[in-house]
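Me: I should like to learn how to read cysteines and strand pairing in a model of this kind. Please take me through the structure feature by feature.

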Amino acid sequence: MTHADPAALDILDLYRQAGAYHEGHFLLASGRHSPKFLQSTTVLQYPQYTEQIGRALAGALRGAGIDAQLVIGPAMGGVVLAYETARHYGTRAIFAEKDGQGGMKIREAFTLQPGETFVAVEDVLTTGGSVLKAVRAAEAAGGRCVGIACIVDRRADGGDLQGYPLVALTRLVFDTYAPDEVPAWLAALPLQEI
């Protein structure tokens, strides 16, 4: 896994400035519980922050030697991020959307040429489930994934994601707990589903 130059952009500070760094008791989309949560949609509503993040992701991809013909993101959260990253990366942007059967699909309006290379982007990577669904959808449409990029890698183990090179602007590992392992101090706080 490649990280961007942390001196270039302080991601946690950017989330704090946008009011997108939260502490409490959160039920994550993965089903795990956490005392900390990053709300990327709060950050990405501000063009000045989104522009900085997109530029940093494009620069980190170039710095890692990853060259692709397009950028894809999972809907809904990855749409703006894919667009802004592609704008600075010099490519086009598309997105994958839910297919109603637990996976994702590429919109009919988007086409991928056989073997066309792409990078998939995600805001916060916890398990990688959403971004991997977008990757699978683009691969099914004929594309070839050459890398994955994210703003924050929250995974405890880090490294590549299922064999795909991963570029992260930062790595922040917050404790998470299975529902039957939530410590008493966290269970005492009101649960917020996100």
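Me: Why is the sulfur of Cys150 not in a bond with the closest cysteine sulfur?

Reply: A disulfide is a covalent bond between the sulfur atoms of two cysteines. The criterion applied is a pair of cysteine sulfur atoms within 2.5 Å. In this predicted model, local features need pLDDT of at least 70 and side-chain atom pairs count only at pLDDT 80 or more, while totals for chains, interfaces and linings use all residues. Residues are numbered from 1 along each chain as its sequence is written, and side-chain values use heavy atoms, with hydrogens and water left out. The closest cysteine sulfur to that of Cys150 belongs to Cys145 and is 13 Å away, too far for a bond. The structure holds 0 disulfides.

Me: Is Cys150 buried or exposed?

Reply: Buried means under 20% relative accessible area, exposed over 50%, and partly exposed in between (1.4 Å probe, protein chains only). Cys150 has 0% relative accessibility and therefore counts as buried; Cys145, at 11%, also counts as buried.

Me: Which strands pair with β2?

Reply: Strands are DSSP runs of E, at least two residues long, numbered from the N terminus; two of them pair if DSSP finds at least two bridges between them. β2 (residues 21-27) has 5 of its 7 residues buried. With β3 (residues 33-38), β2 forms an antiparallel pairing over 5 bridges, in which His22 has Phe37 as its bridge partner. With β10 (residues 191-193), β2 pairs in the parallel sense over 3 bridges, and Phe26 stands opposite Gln192.

Me: What phi does Gly31 take in the hairpin of β2 and β3?

Reply: Gly31 has a positive phi near 95° in this hairpin, which has 5 residues between the strands.

Terms used:
Helices (H or I, at least four residues) and strands (E, at least two) are DSSP runs, numbered from the N terminus.
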